[in-house]
Amino acid sequence: MEFLYKIFDTGAGFDKRIDNTKIPDYITKNLSNIFELRPYQKKTFSRFIYYLENDNFDTKQNKPYSLMFNMATGSGKTMIMAGSILYLYQQGYRKFLFFVKSANIINKTIDNFINIRSSKYLFNKNSISFDGKIVNIKKVVNFEDTSNDDINICFTTIQKLHSDIYAEKENSLTIEDFKEQKIILIADEAHNFQVKTKKQTEIESLAKPSWENTIERIFNQNLDNILLEFTATLDYKDKEIVKKYKPKVIFRYDLREFKDDKYSKDVNLLRSDLSDENRILQAVILNQYKQDIALKNGINLKPVILFKAQKLIAESHENKANFHKLIENLTNEQILYIKENTSVKIIQRAFDFYEKNVFSISQLQRKLQQNFAETNCISVNEENLEKKSLKKNDQNQLIEQQFILNSLEDKNNPIRAIFAVNKLNEGWDVLNLFDIVRLYKTRDSQKGKAGKTTMAEAQLIGRGARYSPFKINEDQDKFKRKYDKPNHKNELKTIEELHYHTIEDSKYISELKKALVESGIYDDENEYKQLDLKLKEEFKQTEFYNKTVVYGNEKKKNTYKKIQSFKDLGVSKNSIKFKLHSGKGQVTAAFDENNEINEEKNNIIVEGKDVELSNIPINIIKNAIAKNDFFKFNNLKKFFPNLKSNSGFISNKDYLAGLKIIFTGTEERLKNITNLDYLLAINDLLSVIKQEILGNLHDYYGTDEFTQIHKIKDKFTDVSLKINKNSERAISQYEFIKNKDWFVYDDNFGTSEEKKFVEMFARRIEKLHTKYKEIYLIRNERQFKIYDKKGTGFEPDFVLFLKQKENPDIVFQMFIEPKGVHLKEHDKWKEDFLIEIREKFKDKTLEYQSDKYRLTAVKFYSNKEENEFEKAFEDALFE
């Protein structure tokens with residue numbers, strides 16, 4: 001049996017396109033609009049909904065259902081929890097039990113789920129509504145007095161839950177709370193609840209009360225219960241864990257995939273042979289440099305630095321005291337020592353930055369003293385909140401501390417430095433941690449394997465690697481790294497990096513790297529290789545290279561200012577059919593062969609009648625609109641800003657008045673259409689129009705006109721690629737293209753499909769030379785992007801340039817995208833965009849200086865459908 005997530009990955013037994021299923025509006029509209037759903041989160045929701053609503057695959061469990069979401073630290077597991085709660089509310093669930101090991105995580109989660117003033121509140125801050133009805137999220141201590149209209153969540157630790165079940169107390173959860181009522185159980189950091197499973201061979205562990213037994217006991221009280229488990233660290237090497245979770249892991253998105261998709265910072269190990277004091281100062285200078293680079297580029301960033309002690313809280317307190325002494329007494333000479341003695345390139349760049357921006361050492365010294373003053377530092381080494389011995393005042397201080405840690409990114413949070421031992425290794429959500437300083441030298445490895453301390457350090461680094469979002473133009477995705485190329489010189493690359501500062505100890509570094517590689521946040525240096533692509537020198541000497549331009553379009557924010565009708569927005573539906581039931585029928589004997597149904601005799605003759613909305617009483621239309629929140633005037637103005645009033649929306653032919661309803665029914669019913677018939681039909685029509693509007697909404701759009709002009713020599717340059725050694729892309733095509741003057745790079749590290757295209761192109765070059773005198777095929781290694789009507793970026797794999805013989809001042813520019821047949825359906829929008837470009841620019845000529853340009857494109861190339869491509873290719877260039 002395969003893991004459930006693998007069955008979904010391969011589409012075995014059902015349509016794999018479910019991963020692209022539209023997420024219901026009651027999820028997307030009720031979640032916070034601050035946190036835009038990412039593709040993998042949408043895929044998670046699609047699978048979750050499909051699993052619960054369909055029974056057409058063999059591996060589905062019997063009730064009650066239990067599902068595991070194995071998702072990387074920082075990938076937004078709590079967003080999946082929030083969306084799942086909304087979905088399950090719509091399915092009739094009202095009671096949710098959230099539990100986790102640590103009370104610190106409980107308080108953070110309550111803040112994210114309940115506190116509407118929190119910057120990390122996960123739901124819509126305006127309101128949560130289902131079918132126009134406002135729904136509240138309530139924190140409850142048990143399920144005795146809950147509201148059947150609201151979302152009731154009981155937050156608890158697994159320790160307290162276990163204690164309550166086995167030692168009943170007043171106002172606590174009891175096993176009776178879970179009988180005869182359906183509950184959703186949400187287990188966060190679920191790897192902490194798997195001890196019994198891992199000890200499955202020990203018979204006594206099955207009977208002995210445990211956290212895991214408690215969860216199972218509650219879960220099995222009702223067949224309609226659902227258990228949702230979330231963790232970043234599922235142990236796939238443990239055979240009992242594998243056995244238990246194979247039918248349950250619905251989605252796996254590990255740290256490596258998270259990093260490779262560019263949602264994390266890059267991790268760099270900065271090791272130096274310095275005293276602790278100088279290593280601390282070097283880290284502080286680097287941290288400040290990151291803030292100043294951000295400020296220079298208009299980005300509001302407050303980078304945080306963590307100083308890590310190994311075991312003892314006393315050590316951490318001592319680190320903090322020494323740090324304050326260093327900063328308060330900081331001298332120019334100490335900073336100059338770092339500048340003059342460092343061999344670390346990024347530290348050298350920091351000092352170059354300050355020198356270039358006329359920022360003296362004295363100014364830097366004052367800035368460090370101000371930004372890292374004691375008031376801007378915090379120690380997080382106190383006991384956990386669940387400790388009963390804590391006094392009320394201490395508990396309040398810890399709650400306040402937890403609030404500070406959960407809001408480090410907020411503008412009014414001044415904290416720049418944190419001192420800790422192990423408290424932040426699990427359950428800490430932070431985006432603006434940019435430096436971690438290891439203030440101890442010991443190692444706990446055994447037989448060359450990383451010890452618990454090193455593994456905990458790797459886990460902490462994984463938490464710190466969460467990406468701090470920013471963008472400097474509309475072209476960029478604020479939640480992804482933007483400057484990954486090894487030779488990228490943009491200074492903003494620095495604020496896409498987490499630096500882990502440690503001593504120069506080769507054995508320790510080797511152990512840490514191994515732990516980081518295993519976690520997925522760090523690339524195995526033996527697994528990847530750097531490959532250089534260089535433009536051929538002979539091409540760089542041509543006039544074509546130095547003079548010719550490449551045309552592209554722009555990505556712009558969608559304001560909908562030009563939208564003045566349904567048609568402008570892309571709403572194509574102008575009518576619906578609505579059946580009027582007559583109530584007539586007849587009874588026939590099931591086994592009487594002579595008993596024929598005579599519809600004519602029973603007068604069930606269906607006819608049709610078109611009714612324009614402009615001919616329906618306006619009060620009925622207003623009544624239908626009033627029942628649908630989407631069509632409230634304030635909401636419509638977002639998409640149709642030129643609307644003047646609700647009445648205009650109803651009476652204008654560009655909107656509702658231009659639509660019609662095709663009523664079908666008997667002659668008698670068509671003569672007697674009632675007001676209720678009109679109301680029900682309009683309700684159906686509005687639902688259809690709503691879906692069309694939503695399907696055509698997008699925050700950005702690609703401009704119709706291609707007016708972005710770039711010199712080829714500026715856009716296409718030498719590049720360095722980081723490629724997995726086992727990837728098909730690592731195979732060179734040098735021998736094939738080295739003497740091809742039409743291929744401008746000295747090698748091609750594309751996919752097998754892309755290499756096949758180059759081979760096919762080589763076979764067409766002779767015919768192309770009959771019409772064109774200069775031909776250059778340029779491999780696009782993410783250097784050039786165009787945008788479709790929704791503003792989605794597309795980087796065609798190749799851009800082909802050709803100059804006509806008869807008209808040498810005309811340059812053809814063609815976009816080409818090889819694509820394996822198995823990927824065609826998934827990327828169909830790209831092929832549609834290419835065909836759209838072909839049609840749009842078929843008869844257009846663009847002028848730049850003395851040259852004229854003709855833009856064109858062609859359908860996907862695939863080796864299996866090469867003949868079809870060749871025909872389309874020739875049609876575009878030999879028409």
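## Exercises on a predicted model

Phe 419 is a residue of strand S13 (residues 417–420). The model is predicted. Each exercise below is followed by its solution.

**Exercise 1. Decide whether Phe 419 is buried or exposed, and find what it touches.**

Step 1. Take the relative accessible area of Phe 419, which is 0%. Buried means under 20%, so Phe 419 is buried.

Step 2. List the contacts, leaving out residues up to four places away in sequence. Phe 419 touches Phe 307, Ser 316, Asn 319, Lys 320 and Phe 323. It also touches Cys 377, Ile 378, Ser 379, Val 380 and Asn 381.

Step 3. Check one of these partners along the chain. Ser 316 is 103 residues apart from Phe 419. Their C-alpha atoms are separated by 6.2 Å.

**Exercise 2. Work out the order of the 7 strands in the open sheet, and say which strands stand at the edges.**

Step 1. Read across the sheet: the order is S5-S6-S2-S7-S8-S1-S9. The pairing is parallel.

Step 2. Look for strands with a single partner. They are S5 (137–140) and S9 (249–253), so one side of each has no neighbour in the sheet.

Step 3. Add the twist. On average, neighbouring strands of this sheet are turned by 20° against each other, with direction ignored.

**Exercise 3. Describe strand S2 (residues 95–100): its partners, its faces and the helices that pack on the sheet.**

Step 1. Start with S6 (residues 151–157). S2 and S6 run parallel and are joined by 6 bridges. Val 100 stands opposite Thr 157 of S6, and Phe 99 stands opposite Thr 156.

Step 2. Turn to S7. Here 4 bridges make the link, and S2 and S7 run parallel. Phe 96 of S2 faces Ile 184 of S7.

Step 3. Count the buried residues of S2: 6 of its 6. On one side are Lys 95, Leu 97 and Phe 99. On the other are Phe 96, Phe 98 and Val 100. Both faces are covered.

Step 4. Bring in the helices. H4 packs on the sheet and touches S1 (65–71), S2, S6, S7 (184–187) and S8 (226–231). The direction of H4 makes about 165° with that of S8. H6 (residues 158–166) packs on the sheet too, touching S2 and S6. Its direction makes about 95° with that of S6.

**Exercise 4. Locate the largest nonpolar core and its main contributor.**

Step 1. Take the size: the largest nonpolar core has 87 residues. Leu 88 and Ile 418 have the most contacts inside it.

Step 2. Ask which element gives the largest share. It is helix H4 (residues 77–90), with 9 residues.

Step 3. Look beyond this core. Another core lies apart from it and has 64 residues, including Leu 533, Phe 539, Phe 860 and Phe 873.

Step 4. Set this against a general tendency. In soluble globular proteins, nonpolar side chains tend to be buried together.

**Exercise 5. Classify the crossing of helices H12 (residues 276–296) and H14 (residues 332–341), and sort the residues of their contact.**

Step 1. Take the geometry. The two axes come within 10 Å and cross at roughly 85°.

Step 2. Apply the cut-off. Angles of 65 to 115 degrees count as roughly perpendicular, so H12 is roughly perpendicular to H14.

Step 3. Name the residues. H12 supplies Glu 277, Asn 278, Leu 281, Gln 282 and Ile 285. H14 supplies Gln 334, Ile 335, Tyr 337 and Ile 338.

Step 4. Sort them: 5 are nonpolar, 3 polar and 1 charged.

**Exercise 6. Examine the backbone at Pro 64, Tyr 560 and Gln 849.**

Step 1. Begin with Pro 64, in the loop between H3 (39–53) and S1. The peptide bond from Lys 63 to Pro 64 is cis, with omega near -5°.

Step 2. Move to Tyr 560, in the loop between S18 (555–557) and H22 (566–569). Its phi is positive, about 60°, although Tyr 560 is not a glycine. Its relative accessible area is 11%, so Tyr 560 is buried.

Step 3. Finish with Gln 849, in the loop between S30 (846–848) and S31 (851–857). Phi is near 55°, again a positive value in a residue other than glycine. Exposed means over 50%. Gln 849 has 60% relative accessibility, so it counts as exposed.

Notes: Residues numbered from 1 in each chain as written. Predicted model: local features only at pLDDT ≥ 70, side-chain atom pairs only at ≥ 80, totals over all residues. Heavy atoms only, no water. Axes fitted to C-alpha atoms, helices over the stretch in contact; angles between N-to-C directions. Helix = DSSP H or I, 4+ residues; strand = E, 2+ residues; numbered from the N terminus. Parallel < 35°, antiparallel > 145°, perpendicular 65-115°, else oblique. Contact = heavy atoms within 4.5 Å. Nonpolar A, V, L, I, M, F, W, Y, C, P; charged D, E, K, R; others polar. Core = buried A, V, L, I, M, F, W, Y, C linked by side-chain atoms within 4.5 Å. Buried < 20%, exposed > 50% of the residue type's maximum accessible area, 1.4 Å probe, protein only. Pairing = 2+ DSSP bridges.
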